[in-house]
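The following exercises concern the packing, the cysteines and the charged pairs of a single protein chain. Please work through each task before reading its solution.

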Amino acid sequence: MVNLELFLNGDQKARSDKLPRVGFTVKSLVNEANVDGRINLTPKAYQRNFHADKSWQEQFLVSLFTDGIVIPEIALRVGENIPEGWASEVMDGCQRVSTILAFVKGEVNLPVDEPLLEGRLFEGSDRTQDLQGASFKSLSDSAREHFYNQEIGAMCYYDIDSLFAGFLFTEVLNNTNTLNPQEKRQAIASAMSTQIQNWTRFDKILPIFETKKNGDLKYIASANHSRLDVDKTLAELCYMLHNKDFEKKGTTGKTITDFYKFQAKQYPTSYGNASFVARVLTQVNQAFRGNTTAKTLGLKAFRNFSYLVGELLDIGIKVDPVEFMRVYQKALDNLKAVKPAEGLSESPYSLRMRGNGGDDTKTALSMIREEMNSIGFHQVNLDKRRTFTEEQIAKAYRDQNGICAICGEKMPPFDTANIHGDHILQYKDGGLTTQDNCAAVHSTCNWRK
């Protein structure tokens, strides 16, 4: 067995042309897992829907106290290219490793199970110990020693990039399990993939993705996180906001998979479009939460609405998101009410919404835009440049003789850390970022405002 500490440090690395199987003790695994930055047990790239419940954890623990049962090996990714600065990550076997740690921490006990009665499961001086329901702390010295000395086998992959890691997880490590397309995509780790999961399921920043007790989303109809459809839809939105390629390629499964691969290859550590997508989602969140009837809109309607909001933000047009949602819903109602063409059962819009090809997606969005424009909605044109230049602020400072335009007090000598440029006609109301609309103010006054 290897010394896990040295192994993770790279001191026992095998030749690069080998992918060795190694073994180490439970004790060494526990020790290393408790050191920050050593072993990532929950890498988001491989998170699936299955999470070990108490019953599963208890039965797995039984195998650690039963002679003759082989514990399935785990898969470790070691060396270079591991996201977020970890020394290694568990690609397969997260549930097994996390259960071992939960047992040591006292979060789960052995089950009340007949095979654990009278300690008939391992060699030791106190074989008559009853292990039923035992906690880690209650174990005898020999039982604890037996547990700590159990061997964990691991297949180790050195210095592999995210594309290859995703391939291994989906095609080798889980080739006998049913992984849906979105699970396969997110195994191709990238900054975008991680960000999408953070938005939808992990950080819980956006209330629009909150769920009810039964798991259904509160604000989007017929949506549930169980099959990662929300992640899939958000990935489609990110692709649509990335460029106009979707108008030719659509949002088919292959297109989105290729987009994940592109992101992993080109942008493994930073998702450059994140701030813009976040701005879009903030507006969309207000629209859905501020309009109760929006709960009738499903994921595809959510995606299209979000894209239209993004279009407006990109060209500097501001709208009231709640009003924009009401107009959007009215437009959809009107489009669905159009009489079907002869021989067809649905309106032209509804038929287009059934497809994911480029022409279907482009045409459906065009229909919605046209109908919304015919209904009409209030908009404010925003200047694309929001921040004043240092030269503009300095000129305003001189013109004002160093007097703050907000509080009327004397400002300190000019520097952009303590003196800001403020829009006289507020930016949110269409004020331009031009010299004649710039006022020099204390930074503290600007923050308080």
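**Exercise 1. Determine which residues Y328 touches, leaving aside neighbours within four places in sequence, and place Y328 in the nonpolar interior.**

Solution. The model is a predicted one.

Step 1. Beyond its sequence neighbours, Y328 contacts L297, A301, N304, F305, L308, I368 and M372.

Step 2. The largest nonpolar core comprises 59 residues, and Y328 and F288 are those with the most contacts inside it. Helix α13 (residues 299-314) supplies the largest share of this core, nine residues.

Step 3. Another core, of 39 residues, lies apart from it; F24, L110, A134 and C156 are among its members.

**Exercise 2. Describe the setting of V327: in which helix does it lie, is it buried or exposed, and which residues does it touch beyond four places in sequence?**

Solution. Step 1. V327 belongs to helix α14, which spans residues 321-336.

Step 2. The relative accessible area of V327 is 8%; the limit for burial is under 20%, so V327 is buried.

Step 3. Its contacts, sequence neighbours up to four places away excluded, are M372, I375, G376 and F377.

Step 4. As for D216, its C-alpha lies 25 Å from that of V327, and the two residues are 111 apart in sequence.

**Exercise 3. Identify the residues that make the nonpolar surface patch of about 260 Å², and classify F164 by its accessibility.**

Solution. Step 1. The patch is made by F164, F167 and V172.

Step 2. Of these, F164 is located in helix α6 (residues 162-173).

Step 3. F164 has a relative accessibility of 36%; this value falls between 20% and 50%, and therefore F164 counts as partly exposed.

**Exercise 4. Explain why C445 is not bonded to the closest cysteine sulfur, and state how many disulfides the structure holds.**

Solution. Step 1. The closest cysteine sulfur to that of C445 belongs to C407, at 3.8 Å.

Step 2. A disulfide requires sulfur atoms within 2.5 Å, so the separation of 3.8 Å is too far for a bond.

Step 3. The structure as a whole holds zero disulfides.

Step 4. C445 is buried, at 5% relative accessible area. C238 is buried as well, at 0%.

**Exercise 5. State how many salt bridges are counted, and analyse the pairs R21 with E73 and K254 with D258.**

Solution. Step 1. Side chains of opposite charge can pair when their charged atoms come close. With a limit of 4 Å between nitrogen and oxygen, the count comes to 16 salt bridges.

Step 2. In the bridge between R21 and E73, the closest N and O atoms are 3.2 Å apart. This pair links distant parts of the chain, 52 residues apart: R21 is in strand β1 (residues 21-25), whereas E73 is in the loop between α3 (54-63) and β3 (74-78). R21 is exposed, at 59% relative accessibility, and E73 is partly exposed, at 32%.

Step 3. The bridge between K254 and D258 has an N to O distance of 2.7 Å. Both residues lie in helix α11 (residues 253-266), four residues apart, or about one turn of the helix. K254 is exposed, at 60%, and D258 is partly exposed, at 33%.

Step 4. A further bridge joins D359 and R352, at 2.8 Å from N to O; R352 is partly exposed, at 25%.

Step 5. Finally, K244, E247, E311 and R369 are linked in a network of salt bridges.

Note on methods: Residues numbered from 1 in each chain as written. Predicted model: local features only at pLDDT ≥ 70, side-chain atom pairs only at ≥ 80, totals over all residues. Heavy atoms only, no water. Helix = DSSP H or I, 4+ residues; strand = E, 2+ residues; numbered from the N terminus. Buried < 20%, exposed > 50% of the residue type's maximum accessible area, 1.4 Å probe, protein only. Contact = heavy atoms within 4.5 Å. Patch = residues over 30% accessible without salt bridge, like charges linked within 9 Å, V, L, I, M, F, W, Y side chains within 5 Å. Areas by Shrake-Rupley, 256 points an atom, 1.4 Å probe, with all protein chains shown as cover. Salt bridge = Lys/Arg side-chain N within 4 Å of Asp/Glu carboxyl O. Core = buried A, V, L, I, M, F, W, Y, C linked by side-chain atoms within 4.5 Å.
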